[in-house]
Amino acid sequence: MNENDASLESGDKAVPRWYVIQCKGGESFRAAEHLSNQGYDVFHPVLEVQKKRRGKLEWVSEPLFPYYLFIRLDRLVSNWRPIRSTRGVLKLVGFGDMPVAVNEDLVAALREQGSQRDDATANLYFRAGETVQITEGPFKDLQAVFAGHKGEERAIVLLNMLHRQQRLEVPVAQLRRS
């Protein structure tokens, strides 16, 4: 038995595993596309979020992990060489020169969450007209109607007070869905 046979018996079998790729700034979508075009199995988890663009809220896709994506590779069979020179890729994440595999259950859970997501839960923001509950401050535990965003961290809600809907500006972090 030679060294290669011993390493195969100790767990380095030809089994595909998930690894993490660090991407260049803002290029994770490009890296995922180019790696997929080369035939690699790539998982790039994204969220659909609302962003203000040209004065309007629009739905846009953003990476769940900015600068990172997952790639499924086999230690013995896969061709690792083209990965480093792929557009948008910075490096494989690891210790020293040795890439470290990611727990299969983690990637499976992320994929499962992504497939179950619908428009109501796919973003970190609320939709206009949605009933929310204020979780902190002087209006704690009161229900309100979400009216819109004011920047990324503030929101406008409509609170029923004195037989009228009053506009109130609160931090988004102090709201939860009712």
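**A walk from His44 to the sheets**

Hi everyone, let's start with one residue: setting aside neighbours within four places in sequence, His44 touches Ser28, Phe29, Ala32, Pro63, Tyr68 and Leu69. Keep in mind that this is a predicted model.

Where is His44 located in the chain? It lies in the loop between strand E2 (41–43) and strand E3 (46–53). And is His44 buried or exposed? Buried, because its relative accessibility is 14%, and the cut-off for buried is under 20%. One of its contacts is polar: the side chains of His44 and Ser28 meet at 3.0 Å.

Leu69, which His44 also touches, takes us to the next stop. Leu69 in E5 is the bridge partner of Ile21, and E5 (residues 68–74) runs antiparallel to E1, with seven bridges joining them. Strand E1 (residues 16–23) is mostly covered, with six of its eight residues buried.

E1 has further partners. Three bridges pair it with strand E6 (residues 89–92) in the antiparallel sense, and there Ile21 faces Leu92. Two bridges link E1 to strand E9 (residues 101–102), again antiparallel, with Tyr19 opposite Ala101.

Now please scroll along to another sheet. Here five strands make an open, antiparallel sheet, ordered E13-E12-E11-E10-E14. Which strands stand at the edges? Strand E13 (164–171) and strand E14 (175–177); each has a single partner strand, so one side of each has no neighbour in the sheet. From one strand to the next, the twist averages 45 degrees. Inside this sheet, E11 (residues 143–150) and E12 (residues 154–161) run antiparallel and share five bridges, and Val145 sits opposite Leu158 in E12.

Thanks for listening!

Notes. Residues are numbered from 1 along each chain as its sequence is written. This is a predicted model: local features need pLDDT of at least 70, side-chain atom pairs count only at pLDDT 80 or more; totals for chains, interfaces and linings use all residues. Side-chain values use heavy atoms; hydrogens and water are left out. Helices (H or I, at least four residues) and strands (E, at least two) are DSSP runs, numbered from the N terminus. Buried means under 20% relative accessible area, exposed over 50%, partly exposed in between (1.4 Å probe, protein chains only). A polar contact is a pair of N or O atoms within 3.5 Å; within protein, one must be able to donate a hydrogen and the other to accept it, and residues adjacent in sequence count only if both atoms are side-chain atoms. Contact means heavy atoms within 4.5 Å. Two strands pair if DSSP finds at least two bridges between them. Axes are lines fitted to C-alpha atoms, for helices over the stretch in contact, and angles run from 0 to 180 degrees between N-to-C directions.
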